[in-house]
Amino acid sequence: MIANLALTAPELILSIGALVLLLVGAWAGDGASRLVGLLSVLVLALAALALLGPSGYAGPAFDGLYLADPFAAFAKLLIYAAAAVSILVAPGYFDRFGGMRAEYPVLILLSSVGMGMMVSAGDTLTLYVGLELQSLAAYVLASFMRRDLRSAEAGLKYFVLGALASGILLYGISLLYGFTGTTSFGGIGLAMASGLSLGQAFGLVFVLAGLAFKISAVPFHMWTPDVYEGAPTPVTTFFASAPKVAAMALLVRVAVEALGPATDHWRQIITFMALASTVLGGVAAIGQTNIKRLLAYSSINNVGFALFGLIPGTVEGVSAVMSYMAVYVAMTLGSFLCVLRISTADGAQVESIASLSGLSRTRPALAAALAMFMFSLAGIPPLFGFYPKFAVFDALVAVGLWPLAMIGIATSVIGAFYYLKIVKTMYFDEPAPAFDTEGNHPVESGLIALTAVIISPLGYLTIPLLSVATLSAARSLF
């Protein structure tokens, strides 16, 4: 039992840390919210350090319910980094728009526990428990600004649609259990190896539908723009990064470990979701006037490109998916950090794209950073956003699916249009009313600079290290 608990060290650290900090917040009140936030980041750092021990490579725990392998460790590092950034940028925002509360970092820690369980799940029971723990914290975070109607509406929409998706997923899990006689991923794979029955096929479809909601892939994307627009911007920053990584890693693990023998069957579903997400994520964003809604469609678009890497069902394909998610997290965090820095002189948040007019003349450094993130999200070389797109298409070509790669490349041109529209607005339109001055925001400025360096051409220097890490992670699934 002690050996099993040692493998779950990151989740134990986060759980104990969250409960202790919840007590600190209850006793000290919201005046201690900044301290609770900083201690939460420290807890996340300790959880990341724990991955250097057995919990990063030692294998199954609790009879296969929990898997401590390099794949889970890589995903957890991305999750903890995104969660830490979402905590660090919150005080500056909430001080302007509604007061920072001590529960915010605690909810992110509890959500991170759920995401850790998701990526380490070796059984559909662990999968569901982790996913629900992540979701319950997320519903509260979406409606965190209780007196803001948009935030309350976002939380309610997320809760109702999330409950529906959880029901679909649970129904799929029950079908797989009924027709395979087991809840473990390995057992489900063994049962499917002798041929896919009609009941197993239905279970497979329902499970993939439930997981598609969590990554906001078409046609289960409908909640994303409304929730991203309505939720407080630091919460949207969190939603667009950490839970996306967790859900994508979970989908990859389920597809490879549990549904591996049925690859020819789920490949058709993933292909449709990938193509539909890249097309709709590109076309629907063109008419958007709110930058957060536009970034929501951008995340749908990018999830579609990441799914292209899963279609081959190979080690190289899974490695490409994880590389894509790593670069995607840096690009997305950078984009939302820039949005956080845009406010009027009286401190009101600015979200309309038109208000970015002439930003290059009033805030040149911020405009340059945002332009870099937009070009990188579009996959335009020499920025680092080009590399993961190349990697997923290369994985498709390697297994002879070059027509699909060509279609994917063509759809990326659609997305480039609206990214370039933002750059054109900032650099060529007449200046809008002046924004707040640069002010003293060292944390946000430092994080923007860091993410900008990662997605700049200097990012290519990390490819050898990134390739080793993602290949090691991918091989642990096969």
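**Briefing: a nonpolar patch, a buried aspartate and a capped helix**

L5 lies in helix α1, and it is one of the residues that make a nonpolar surface patch in this predicted model. Two further sites are described below: D69, which sits in the loop between β2 (66-68) and α4 (70-88), and the N-terminal end of α7, which is capped by D123.

**The nonpolar patch**

- The patch covers about 600 Å² of surface and is made by M1, I2, L5, L12, I16 and V20.
- Two elements, α1 (2-7) and α2 (9-28), each give two or more residues to this patch, and α2 gives the most, with 3 residues.
- L5 has a relative accessible area of 33%, and therefore counts as partly exposed; because patches are made of residues with over 30% relative accessible area, this value lets L5 take part.

**The surroundings of D69**

- D69 counts as buried because its relative accessibility is 8%, which falls under the 20% cut-off for that class.
- Apart from its neighbours within four places in sequence, D69 is in contact with G56, Y57, R253, S476 and L477.
- With R253, one of these residues, the side chain of D69 also forms a polar contact of 2.9 Å to the side chain of its partner.

**Helix α7 and its cap**

- Helix α7, residues 124-142, has 19 residues and reaches 26 Å from its first C-alpha to its last, which is close to the 27 Å expected at 1.5 Å a residue.
- At the N-terminal end of α7, a side-chain oxygen of the capping residue D123 lies 2.9 Å from the backbone nitrogen of L125.

Definitions and conventions. Residues are numbered from 1 along each chain as its sequence is written. This is a predicted model: local features need pLDDT of at least 70, side-chain atom pairs count only at pLDDT 80 or more; totals for chains, interfaces and linings use all residues. Side-chain values use heavy atoms; hydrogens and water are left out. Patches are made of residues with over 30% relative accessible area and no salt bridge: like charges are joined within 9 Å, nonpolar side chains (Val, Leu, Ile, Met, Phe, Trp, Tyr) within 5 Å. Accessible areas come from the Shrake-Rupley method with a 1.4 Å probe; for residues, only the protein chains shown count as cover. A salt bridge is a side-chain nitrogen of Lys or Arg within 4 Å of a carboxyl oxygen of Asp or Glu. Helices (H or I, at least four residues) and strands (E, at least two) are DSSP runs, numbered from the N terminus. Buried means under 20% relative accessible area, exposed over 50%, partly exposed in between (1.4 Å probe, protein chains only). A polar contact is a pair of N or O atoms within 3.5 Å; within protein, one must be able to donate a hydrogen and the other to accept it, and residues adjacent in sequence count only if both atoms are side-chain atoms. Contact means heavy atoms within 4.5 Å. The expected span of a helix is 1.5 Å times one less than its number of residues.
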